[in-house]
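Colleague: I am new to this structure and would be grateful for a short guided discussion. Might we look at it together?

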Amino acid sequence: MSDAAHNDWAPRTTPRRTQWFLKPSALPGFGITFGFAVTYLSLIVLIPLAVLVARASELGLDGIWQVATTPRVLAALQVSFFISVAAALVNALFGTIVAWVLVHYEFPGKRLLDAAVDLPFALPTAVAGIALAALYATNGWIGALFAPWDIKIAFTPLGILVALIFIGLPFVVRTVQPVLQDLDREVEEASATLGATRTQTVVRVVLPALTPALLTGVALAFARAVGEYGSVIFIAGNMPFVSEIAPLLIVTKLEEFDYAGAAAIATVMLGISFVTLLAINALQAFSRRRFGHA
Amino acid sequence: MAIAIRAEGLAKSFNGTAAVRNLDLEVKPGELLALLGPSGSGKTTFLRLVAGLESPTAGRILFDNEDATILSVRDRRVGFVFQHYALFRHLNVAENIAYGLRVRPRATRPADAEIRRRVADLLELVQLAGLGKRFPTQLSGGQRQRVALARALAVEPRVLLLDEPFGALDAKVRRDLRRWLREIHDRTGHTTLFVTHDQEEALELADRVAIFNLGNVEQVGTPDEILDHPATAFVAGFVGEAVRLPVNAAGSSLQIGPHQLRLSCGNVTGPAELFVRPRDLALANDPQPAIPARVLAVRRTGPARRAELALADGLPPVEMELPAGHAARKGDILPVTLVNLRLFASR
Amino acid sequence: MRNGVLSESPAVRRTLIALAVGFLALFLVLPLLAVFSEALRRGFDLFIAAFAEPDTQAAIWLTLLVAAIAVPLNLLFGISAAWAVAKFEFPGKSLLVTLIDLPFSVSPVVSGLVFVLLFGAKGLLGPLVDDWDFKIIFAVPGIVLATIFVTFPFIAREVIPLMQEQGTAEEEAALTLGASGLRTFLTVTLPNVRWALLYGVLLCNARAMGEFGAVSVVSGHIRGLTNTMPLHVEILYNEYNFVAAFAVASLLAGLALVTLVAKSFLEGRYGDQLSRAHRH
């Protein structure tokens, strides 16, 4: 085979030149793939996000603080934050039950249900939004059940909760499920031979082993819920101070060409996401160190 | 003599496949009994049946002549040590050992100070004093196994059950732990069953050995009985390094290939199986009846030298230990005779 | 059996199953049924008529176009990033992997906003773009950019862990046997990750066609020009044209169902060739 044939994809990485950065490898193609990946990442993600931060920093911390604490913005941030927490907690409970049932029990339709858990990942948020609004409106299939008691769900904060539960559910199920699956059966047996009841085994052995995954799932669901827009706006009613979420306020600011205000709210939301993300990473690092798995 | 554990007509099948069939076994109080057999012979299933981790398809298990079959795992008070330790990863060593005491109902749960004292004693016993605050992931395999044993001992079990306790450890650690387990057993005197597929381990460690095959016990006996007087062809073939030769027995003579040996075959007649270990063969002195065996190879195994011999065409080669200084070489013809006879009628 | 010490009693078991099934039915199955039921509420003819609308057809075409640009670009990125990350050792690797997931933690609205801040009328590059007479915001390029942003990690995060697991031994073997770099990639690496790639493409495509928030911010909602299907659903819905809104929504729901079925099929059939998180 000719020498050119060896070189037809990318220039061979010359170990001497790149050694300070790249460990020597027999494989070719580092330069072009790494270069493309980093350039594309920068153009699409990093530079645009940097512009956002730069735009917000023009206001300074004081300016951001001022925007964030105007009553309407503060109310919207609180609505987004607290309802996201509530939805994540509901999902923590029911998501764990769903994962438990899918891992431990056999029943007809189980595979179908397992696949359905991913629906919120696959269903466009706008579709979810109008479907939930139709269901939970006072004349909808579910809303009508609550109407006699004068409980309104759609177009109230409860509606936001419903949408955020929908959006967050798969995050909890899909992080808890594999850990539950891999949980060593012998550990539960060991607990039983030591005299524990089933309840004691679940509470003292299974749930603690599940906790890091559960917290991760809850944090992921929360992070997603805080930023969620499409599924919420159709069912929220969008009343300022009551059921207006922070992302909607960004859209409103943009429509008023208040770019700085929009950037300020966005920065606060990014801050919340990053703190959540950091918490997740710290949690997983801790769990890997302590338990040998994430 | 009292019986600590008795299995009566015990059977267990999984989805129609029998793992244990109609098994009877008696374990004496305070003895260390090894359950030895090839994989799939039902030894682990039997151990789990004793523990109550499986429920039998038929038969029953008695602890001290009292039916334990109706008791759930948690009421049987067995100490079970799993092959992969099954330690609780979110609890530290001390908490792992204390677990069995802490889950007791309040009425029978020892006071905190008493639990701490017991944990400290057990850590001492398993030579892990000072490591109580460590987490399982911070321990070596051998240390984890010792924590698992301490955890099992903490509940003061009626019997101690170990499932391949040294299976996941490397050879050196295995040997150390083996000796150490024997010491612990001699000190605490628990009736102990342990599963292994390593015959060296079973024969060295146990008071008695139960040989498992196809879901049943072929023979129970001391290591000497098992090695010197195998009860069945399976046992003779499974323990020691035996080569199985098809032979023909006729009262006072044994036919091996084309050769006739004059010796008493006991009550075996007709087609039979002869199990030959290296020490069962010896060089024949002149007047003795002998088989002319061709030396295929000579090799060193530890302190001894062994010759690989062909007794006849079509028979598998056998090994014989050579006397010190014997100058056998490849291609030599040696007169050999049988000094030990392990003969079983063909089935 | 086993006196409920090693597993839950039948009563507890049935209760938990009922809770799980009830919860999933309430939050997942019913909304899906509602979409189709609302779409067909006034009969099949009106349902079909919704798709005869030129604006609806334009929205469908635009959605297909956007996905056809965004998905291949992200596929190329996913493969490049995976090759660089999985086959080589360099400092900052884990940072790179973390940054790839960044768009997942950004609100869709913020994802759109960053492009408005960059290319909008009062944006950083706005004047420059105006000079060239090339519209990005409130035009198709902005929609494409926002879509690429939100679907950015989908393919990379499927392929990177899998390629990392697979190591470099097979590629090195191919090279020692005289294969060229490209040939090694095409005949050794690619076949090993093809199902993971398909899996990623599937999810990436579903999100690209269904994205709402980010696209909504940059689109300008110009009927027939900058409306994707999800945006068109919103417009129809806000005009109280519920049948048409749910008809278009049912098409998107159908896409979601196809995605889920294909995804389950891949997990069941080729689970061992997907990244560990999706193995069963």
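Colleague: Which residues of α7(C) are met by Tyr40(A), Ile44(A), Val45(A) and Leu49(A) in α3(A)?

Modeller: This is a predicted model, in which local features need pLDDT of at least 70, side-chain atom pairs count only at pLDDT 80 or more, and totals for chains, interfaces and linings use all residues. Residues are numbered from 1 along each chain as its sequence is written, chains are lettered from A and ligands numbered from 1 in the order in which they are written, and side-chain values use heavy atoms, with hydrogens and water left out. Contact means heavy atoms within 4.5 Å, and helices are DSSP runs of H or I with at least four residues, strands being runs of E with at least two, numbered from the N terminus. On the α7(C) side, the residues met are Leu145(C), Ile148(C) and Phe149(C).

Colleague: How do the residues of the contact of α3(A) with α7(C) divide?

Modeller: Ala, Val, Leu, Ile, Met, Phe, Trp, Tyr, Cys and Pro count as nonpolar, Asp, Glu, Lys and Arg as charged, and the others, Gly among them, as polar. The division for this contact is no polar, no charged and seven nonpolar.

Colleague: Are α3(A) and α7(C) roughly parallel or roughly perpendicular?

Modeller: Axes are lines fitted to C-alpha atoms, for helices over the stretch in contact, and angles run from 0 to 180 degrees between N-to-C directions. The axes of α3(A) and α7(C), residues 140–151 of chain C, come within 11 Å and cross at roughly 95°. Angles under 35 degrees count as roughly parallel, over 145 as roughly antiparallel, 65 to 115 as roughly perpendicular and the rest as oblique. The crossing therefore makes α3(A) and α7(C) roughly perpendicular.

Colleague: Which term describes how α3(A) and α4(C) lie to each other?

Modeller: Helix α3 of chain A, residues 30–68, packs against helix α4 of chain C, residues 93–100, at an angle of about 45°, and their axes are 11 Å apart. Phe34(A), Val38(A), Leu41(A) and Leu46(A) meet Leu96(C), Leu99(C) and Ile100(C) here. The two helices are therefore oblique.

Colleague: How many salt bridges are counted between chain A and chain C?

Modeller: A salt bridge is a side-chain nitrogen of Lys or Arg within 4 Å of a carboxyl oxygen of Asp or Glu. Arg198(A) forms one with Glu8(C), the closest N and O atoms being 2.8 Å apart. The count between chain A and chain C is two.

Colleague: What area is buried between chain A and chain C?

Modeller: Buried area is the accessible area (1.4 Å probe) that two parts lose on being put together, summed over both. The contact takes 91 residues from chain A and 94 residues from chain C. Carbon and sulfur atoms give 80% of the buried area, which is about 8300 Å².

Colleague: What area is buried between chain C and chain B?

Modeller: This contact takes four residues from chain C and eight residues from chain B, and the rule finds zero salt bridges across the interface. Carbon and sulfur atoms give 62% of the buried area, which is about 440 Å².

Colleague: Which residue forms a salt bridge with Arg55(A)?

Modeller: The partner lies with Arg55(A) in helix α3 of chain A, three residues apart, about one turn of the helix. The closest N and O atoms are 3.8 Å apart, and the partner is Glu58(A).
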